[in-house]
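Subject: Structure for you to look through

Hello,

I am passing on the structure we spoke about, and my notes on it follow below. Please open it beside this email and look up each place as you read.

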Amino acid sequence: MALVRSGVTLLTLCVSGLALAQPAPPAPQAPQDPYAPDPVMNEQIAEQLVTRAQELLDARIYLDAKQLAVEALVKSPKGAAAERARYIIKVVNQHLKIQEDPPPTPPSQVTPTQPDDKVDMTPIGAAPFDPSRDPPPTALPPVPSDGSENGRLLSATIHGGLYGGVLGATLGAAISKEHPVRAAIPIGVVAGLGGGLLARKLVGKHSWDEAQIRTVGSLNAWGGVLGGFFGQAVTGAGDSSPSALGVLLGATIGATTGLLAGGLLAKDHRLTRGDVALVDTLAGIGVIGGLTMGMVMQPAQPEAYAVNAILGGAAGIVVGVIAAPNTNTTPRRMLRVAGLAAAGGALPFLLYAGISDSSTDGDERLVGFLASAGLVGGAYLGFHLTRGMDGGLDVNPHDLPPPSDDAPAAMIRRSSDGTWAAGGLALQPMATRERSTVLGVSLFGATFD
């Protein structure tokens, strides 16, 4: 009987051990979603987007590069391409001076909206314009003009021809010292034609606009004028007469100095075409005013006239360069101002024809004083009569904000300001089915206000 109990007990333990050794049935698994994103595929797409974004960044197409980097970051925020995408976004923000968004506020620090807060639910366009509530509409800035391509070439040809002519005439006067005119004129004409063609060719290879070319040409021309007066004053000192070679050599040195100074000034693009016209007007008034003031002074030495012209012209150039950026002057306006100033300075010489007397200096002094006053009065009248002319057109394009470039990535892009531009190859995911992603190419993208 005891043997039977032991057998039953042993059989029971064996059955229990078999029951414990049996594996548990597998837990039921949820059916796999065929539309679930594939991390591997997403990372590959992100790599392609980041690579294209880097190419656009190298080509300085910043907005397109940033958009593709953002898409890559959304596609794979924690993959290997994410760091490259964040770096591209940071570089683009630095170039465009865009302040990066602050990190999101934790939900625990968000202030709940009070029940009494007023929320404007008025549909857009339903409420009338209220000046006390709404900001006034911003007027569009005037469209500046740096001049046309023909203006660039014409200005370069004229100033290059003048400089080449001075150099050629100086060389001719140096070759034929006894008869400088015979060699100076033909060599000067040939050198002037060559200088104009050379300047025209050089301008075609550079991106300087008409304002920069006029800046260089203006200081080059006035430097030659003041240098010529200086050569006259030096070679004509005492009882000697000024020499042609001395005057031309002084003009060459002055023109070359003005050419270098104008190049440095034009490099920063400080002056517009209207600013250069103001400098030319004030420099001309200064030179002529120096000569007419010499008539008033009646100096014992004739070279004093040249010194007065140098001082007046230099003062006009300095005042013009300093004051021009703070004024609203255009070439059309300064043409009228210069014309009235020239008329005011020339009218007294009609009087001189009637009161000329070789036995006294009083007639020259009177005409010189009236001519000096006429120059100043004519210039003042010109500025007064033309006030408000071409208002807002004397704008330096380099001081304006860059045009908006908010068009989406596409091969043909239109920004909200109406600017059309050619974009690049923009790949965008169109659909995802059964672990495959379809990429599309945007042919046209536009943004409208």
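A helix here means a DSSP run of type H or I that is at least four residues long, and helices are numbered from the N terminus. By that rule, Leu-366 lies in helix α12. Please keep in mind throughout that this is a predicted model.

Leu-366 is also part of a nonpolar patch on the surface, which it forms with Leu-351, Ile-355, Phe-369 and Leu-370, and together these residues have about 400 Å² of accessible area. Two helices, α11 (331-355) and α12 (362-385), each supply at least two residues of this patch, and the largest share, three residues, comes from α12.

Turning to the interior space, the structure holds one cavity of 30 Å³ or more, and about 40 Å³ of space lies in the largest cavity. Its lining is made up of Thr-215, Ser-218, Leu-219, Leu-265, Leu-271, Val-276, Val-279 and Val-321. The elements that give two or more residues to this lining are α7 (210-235) and α9, with α7 providing the largest share, three residues. By type, the lining residues divide into six nonpolar, two polar and no charged.

Helix α9 spans residues 273-297 and also contains Leu-282. If neighbours within four places in sequence are left aside, Leu-282 is in contact with Gly-316, Val-319 and Gly-320. Leu-282 and Val-318 are 36 residues apart in sequence, while their C-alpha atoms are 9.2 Å apart in space.

Best wishes

Terms used. Residues are numbered from 1 along each chain as its sequence is written. This is a predicted model: local features need pLDDT of at least 70, side-chain atom pairs count only at pLDDT 80 or more; totals for chains, interfaces and linings use all residues. Side-chain values use heavy atoms; hydrogens and water are left out. Contact means heavy atoms within 4.5 Å. On a 1 Å grid over the protein atoms alone, a cavity is a set of points where a 1.4 Å probe fits but cannot get out, and a pocket is an open set with protein on both sides within 12 Å along at least five of seven lines; lining residues have an atom within 4 Å of a point. Grid points are joined across faces, edges and corners, and a volume is the space filled by probe spheres set on the points. Ala, Val, Leu, Ile, Met, Phe, Trp, Tyr, Cys and Pro count as nonpolar, Asp, Glu, Lys and Arg as charged, and the others, Gly among them, as polar. Patches are made of residues with over 30% relative accessible area and no salt bridge: like charges are joined within 9 Å, nonpolar side chains (Val, Leu, Ile, Met, Phe, Trp, Tyr) within 5 Å. Accessible areas come from the Shrake-Rupley method with a 1.4 Å probe; for residues, only the protein chains shown count as cover. A salt bridge is a side-chain nitrogen of Lys or Arg within 4 Å of a carboxyl oxygen of Asp or Glu.
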